[in-house]
Amino acid sequence: MICHDIVIIGGGPAGLAAAAAARKNGMEDILILERDRVLGGILNQCIHNGFGLHTFKEELTGPEYASRYIRLVKELGISCRTGSMVLSISRDKEVTVVSREKGLQVIRAKALILAMGCRERPRGALNIPGCRPAGIYTAGTAQRLMNIEGYRVGKEAVILGSGDIGLIMARRMVLEGAKVKAVAELMPYSGGLKRNIVQCLDDYGIPLKLGYTVVDIEGQDRVEGVTLAAVGPDRKPIAGTEEHYRCDTLLLSCGLIPENELSKGMGLPMNPVTSGPMVNDRLETGAAGVFACGNVLHVHDLVDYVSEEAALAGEHAARYVRNGGAESETSGHLPVILRAENGVRYTVPQSLDPGAMAEKVTVRFRVSDVYKGRSVCVYLDKTCISRQKRRVMTPGEMEQVTLTRERLLQAPGLKEITIRTEVEE
């Protein structure tokens, strides 16, 4: 059986950053397994700019951002296997992988980093009525067809969902000569970043219809039109509000789902809100020596945060191997649970050990609605230790707070940390 100190599943931005951090923390025997034929993950088809402002202090395209990490990984001499599909992972960190060159293999890892990314929610999960003609794509599929394969996917389009990929593809289709009739969003707020609404819709005169959904698709061989309707508070269409749009293309941008079939197959405890594994402050999952980072853990809005999170996973995976697997790094303290409430949907991580944690731990989260003039409050049990006012918070933009080890150790017997929003008096 083949053995490696650290095996990383996924060669996208998370996997590459985790590998580089593990090498810089003393690990020599690292293997990246990537199912695509090239490294870089989804960034390869994201030819727009806006990446790298936090990490590199300059604005890059997706391929440029990926190439910097690919070059770093190669300079560090880290082994990478592309075209390698992981079929399953056992609880004792045995990875079953298949590839054209090496066939079926089982690889044992001392530490494992899950960095499989996420996938789009397909039409089958959306219950859209109508036939299934040509011309219906997820936004990411259309992005790949246009930016990598060189195809034009349509001349007149309607987009359902206002996630970042859908917003970016609205602009992309206009630049390729298509007419985007409308972007419809079921919720009363956009799921994308504010900057993408401005740069991709407002700048091109594309209407954003909040509180609307597709109620019918016309066409047999090819999409000929779609009907939109307003929805009520129950998210069901309101009769009499139908609007018809002639088009030959419908793009679906209705959310991303962490790619966690392998995680579930291992029996890892999962978070029902994020659809990713439950992790502690070291990004270690419920299985010792198995770490998770990036979009497989929770869907991020900025790739810079993916890289930052992945570097932390790589650092702790290296420490776990150096300590001979003894690093669940417990300090004798009981784990402290992080609780999300009153407008905070979830937190990552979901637990921490004050005695063994780093000097500072960043807790990331998303809110459940659009909030204006609220504060993000942190409670140690019943005591509020932090109140940070936010002008506006939206579900499409990730929020974060920083917890310090020094402050948590000043609360003996601490059982839980609550992060919540509160209305300013």
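## Around strand S8

Start with Leu114, whose bridge partner in S19 is Ala292. (Strands here are DSSP runs of E, at least two residues long, and helices are DSSP runs of H or I, at least four residues long, both numbered from the N terminus.) This is a predicted model, where local features need pLDDT of at least 70 and side-chain atom pairs count only at pLDDT 80 or more, while totals for chains, interfaces and linings use all residues. Residues are numbered from 1 along each chain as its sequence is written, and side-chain values use heavy atoms, with hydrogens and water left out.

Leu114 sits in strand S8. S8 pairs with strand S19 (residues 290–292) in the parallel sense over three bridges; two strands count as paired if DSSP finds at least two bridges between them. S8 itself covers residues 103–114 and also pairs with strand S1 (residues 2–9), again in the parallel sense, over seven bridges. One of the matched pairs there is Ile8 with Ile113. Strand S7 (residues 94–99) goes the other way: S7 and S8 are antiparallel, with six bridges. A hairpin of three residues links S7 to S8, and Ser99 stands opposite Gly103.

## Leu114 and the nonpolar cores

Is Leu114 buried or exposed? Leu114 counts as buried, at 0% relative accessibility. (Buried means under 20% relative accessible area, exposed over 50%, and partly exposed in between, using a 1.4 Å probe and protein chains only.) Beyond its neighbours within four places in sequence, Leu114 is in contact with Ile9, Ile89, Ser263, Leu268, Val290, Phe291, Ala292, Cys293 and Val296; contact means heavy atoms within 4.5 Å. Leu114 and Gly15 are 99 residues apart in sequence, yet their C-alpha atoms are 7.8 Å apart in space.

Leu114 also turns up in the largest nonpolar core, which has 61 residues; Leu114, Ile6 and Ile9 have the most contacts inside it. Helix H7 (residues 303–322) gives this core its largest share, eight residues. Apart from that core lies another, of 21 residues, with Leu338, Leu352, Val367 and Leu380 among them. (A nonpolar core is a set of buried Ala, Val, Leu, Ile, Met, Phe, Trp, Tyr and Cys residues joined through side-chain atoms within 4.5 Å.)

## Helix H3 and its partner H4

Now for H3, residues 139–149, where Ala139, Gly140, Ala142, Gln143, Met146 and Asn147 are buried. Looking down the axis of H3, these buried residues fall within an arc of 155°, so they line one face of the helix. (The arc is that of the directions from the helix axis to the C-beta atoms.) An α-helix has 3.6 residues a turn, so residues three or four places apart point the same way. The cover over the buried residues of H3 includes strand S9 (118–120), strand S10 (136–138), helix H4 (164–175) and strand S17 (249–252). After H3 comes Gly150, with a positive phi near 85°.

H3 and H4 pack at an angle of about 40°, and their axes are 9 Å apart. (Axes are lines fitted to C-alpha atoms, for helices over the stretch in contact, and angles run from 0 to 180 degrees between N-to-C directions.) On the H3 side, the contact uses Ala139, Gly140, Ala142, Gln143, Met146 and Asn147, and on the H4 side Ile165, Gly166, Ile168, Met169, Arg172 and Met173.

## Asn196 in H5

Asn196 belongs to helix H5 (residues 194–201). Asn196 is buried, with a relative accessible area of 7%. Not counting residues up to four places away in sequence, Asn196 touches Asp164, Leu167, Ile168 and Leu201.

## Two open sheets

Strands of a sheet pair through backbone hydrogen bonds, either parallel or antiparallel. One open sheet has three strands in the order S14-S15-S16, with antiparallel pairing. Its edge strands are S14 (212–218) and S16 (243–246), each pairing on one side only. The twist averages 25° from one strand to the next. Four bridges join S15 (residues 225–230) to S16, and Leu228 stands opposite Glu243.

The other open sheet has five strands in the order S21-S20-S26-S23-S24, and its pairing is mixed. S21 (351–352) and S24 (383–393) are at the edges with a single partner strand each, so one side of each is left without a neighbour in the sheet. S23 (residues 371–380) and S24 run antiparallel, joined by nine bridges, and Arg374 has Arg390 as its bridge partner in S24.
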